[in-house]
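Here are my notes on the model you sent over. Have the structure open while you go through the points.

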Amino acid sequence: MKNFISLLKREFKLFTSNSVVVAIFIGAPLAYGLLLGAVYSKGKVNNLPVLVVDIDDTPLSHRAIEMLDDSEILLVDVSHGNDDIKQAIIDKDYSTIITIPYRFEAEIIQKRHPEIKVEINSANIVPANYAAKAVQVALGTLNAGIEIQSLTKTGMPAITALEQYEAFSVSYARFFNKSGNYVSFMWPGVLGVILQQVFMLVMALSFAREFEDKTYHTEFYPRVNNAWYAMLIKALPFWVMGIGIVALLWSMFPLFKVPFQVDPLAMVSLLVALILSVTFMGIAVSLAIPSQLKATEILMVIATPSFILSGFTWPLSQMPEGIVLLAKTIPLTHFLEGLRKLMQYGATFNDILPQLKGLMYITIVFAAICYALFKILPNLKKSSV
């Protein structure tokens with residue numbers, strides 16, 4: 001027990017003496033959590049700049065502009081056709097260009113069905129989708145109002161005109177993130193990325209530092225003399241401090257008004273499974289590449305595309321099978337699948353068993369690799385082994 005406590009003290013001393021590791025493990029979750037939470041804090045997109053090119057300039061075209069401007073999502077600028085549209089988009093990043101044609105009002109009166117041209121700037125998909133939906137609602141409402149008004153002018157009662165115009169009604173309802181809040185969708189997933197990154201990186205530096213400082217054979221391994229014990233000593237301080245890191249991230253949810261009503265057992269199980277899997281992945285890299293710089297570079301190559309591959313934003317079902325298989329080897333993929341179930345669907349422990357199994361498979365594979373590296377790499381062997 002004295003040896004165990006002494007080894008743990010040594011690990012904490014090594015941790016505090018390495019400013020890079022301290023910055024990664026403590027500073028990164030705090031800074032990135034707050035920074036990214038602030039980025040998505042509005043939750044919803046509003047005041048997207050759109051340009052209405054009003055060539056008609058009549059009371060009806062003005063009415064269309066008013067209806068567009070009434071949407072909280074849109075911020076309307078008006079032009080009368082004299083501007084360079086491409087330059088206007090470059091200067092003000094308009095998400096949509098809406099062109100009301102010449103004789104728009106006159107052709108409606110004459111029943112000639114003029115066309116309003118709506119051009120969506122899809123350079124950024126998120127604002128483009130929001131703007132397109134808002135424009136569709138505003139112009140659709142105007143269109144319906146004009147048609148109903150036309151029918152009532154013929155003497156048809158307003159209720160009958162509404163029924164004739166609308167052959168059937170459609171109701172839309174949201175469930176799971178009903179408000180469409182972007183921070184509730186994106187931010188928890190980003191926190192999962194942060195957890196994976198910091199645990200991977202600090203564990204990748206754990207053994208690599210011993211090799212670089214040439215203390216592995218002289219100070220560390222002679223006191224442990226067992227592969228599993230060596231890995232436990234290296235990982236345990238970070239697991240203990242990780243509780244504080246998780247608590248810190250959890251405290252940010254009220255700060256950014258993100259609901260966090262989840263099954264406690266399922267959430268703890270998912271976090272433990274993630275941390276175990278990335279711990280052994282980091283140790284495996286640290287043992288195989290006994291250089292802090294190179295180990296960090298390798299893990300950055302693995303971690304950088306992990307969020308895109310995870311299926312959190314672009315669904316796995318739309319990816320090639322080979323990419324899906326690759327994604328399943330990354331802990332973040334299984335963690336984010338489980339996290340979405342818990343936070344958005346109100347799932348229970350049994351519901352996330354497939355994700356827990358995926359993380360456990362990764363843990364077992366990399367734990368076996370770590371053990372093999374302890375035994376087969378010449379620079380890790382002891383003469384007595």
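1. A cut-off before we start: helix pairs with an angle over 145 degrees count as roughly antiparallel. Keep in mind too that this is a predicted model.

2. With that cut-off in hand, look at helix α11 (residues 264-288) and helix α15 (residues 331-345). They pack at an angle of about 170 degrees, and their axes are 10 Å apart. So α11 and α15 are roughly antiparallel to each other.

3. Who makes that contact? From α11 come Ala266, Met267, Leu270, Leu271, Leu274, Ser277, Val278 and Met281, and from α15 come Pro331, His334, Phe335, Gly338, Leu339 and Leu342. By type, the residues of the α11 contact with α15 split into 11 nonpolar and 3 polar, with no charged ones.

4. Next, have a look at Thr363, which sits in helix α16 (residues 353-376). Is Thr363 buried or exposed? Its relative accessibility is 8%, and the cut-off for buried is under 20%, so Thr363 counts as buried. Setting aside neighbours within four places in sequence, Thr363 is in contact with Ala273, Leu276, Ser277 and Phe280. Ser277 also turned up above, on the α11 side of the contact with α15.

5. Now the sheet. It is open, has 4 strands in the order β2-β1-β3-β4, and its pairing is mixed. Which strands stand at the edges? They are β2 (74-79) and β4 (117-120); each has a single partner strand, so one side of each is left without a neighbour in the sheet. From one strand to the next, the twist averages 20 degrees.

6. For a detail of the pairing, go to strand β3 (residues 96-100), which is joined to β4 by 4 bridges, the two running antiparallel. Thr96 has Ile120 in β4 as its bridge partner.

7. Two helices to look at against the sheet. Helix α3 (residues 59-69) packs on it and touches β1 (48-54), β2 and β3, with a direction at about 155 degrees to that of β2. Helix α4 (residues 85-92) also packs on the sheet, touching β1, β2 and β3, and its direction makes about 160 degrees with that of β1.

8. Last, confidence. The chain averages a pLDDT of 80, and 83% of the residues score at least 70. Over residues 166-171 the pLDDT is below 50, and that stretch has 0 contacts in the model beyond near neighbours in sequence. Residues 380-385 are also below 50, but there the model has 15 contacts beyond near neighbours in sequence. Where pLDDT is low, the predicted coordinates should not be read in detail.

Definitions and conventions
Residues are numbered from 1 along each chain as its sequence is written. This is a predicted model: local features need pLDDT of at least 70, side-chain atom pairs count only at pLDDT 80 or more; totals for chains, interfaces and linings use all residues. Side-chain values use heavy atoms; hydrogens and water are left out. Axes are lines fitted to C-alpha atoms, for helices over the stretch in contact, and angles run from 0 to 180 degrees between N-to-C directions. Angles under 35 degrees count as roughly parallel, over 145 as roughly antiparallel, 65 to 115 as roughly perpendicular and the rest as oblique. Contact means heavy atoms within 4.5 Å. Ala, Val, Leu, Ile, Met, Phe, Trp, Tyr, Cys and Pro count as nonpolar, Asp, Glu, Lys and Arg as charged, and the others, Gly among them, as polar. Buried means under 20% relative accessible area, exposed over 50%, partly exposed in between (1.4 Å probe, protein chains only). Two strands pair if DSSP finds at least two bridges between them. pLDDT is the predictor's confidence in each residue, from 0 to 100.
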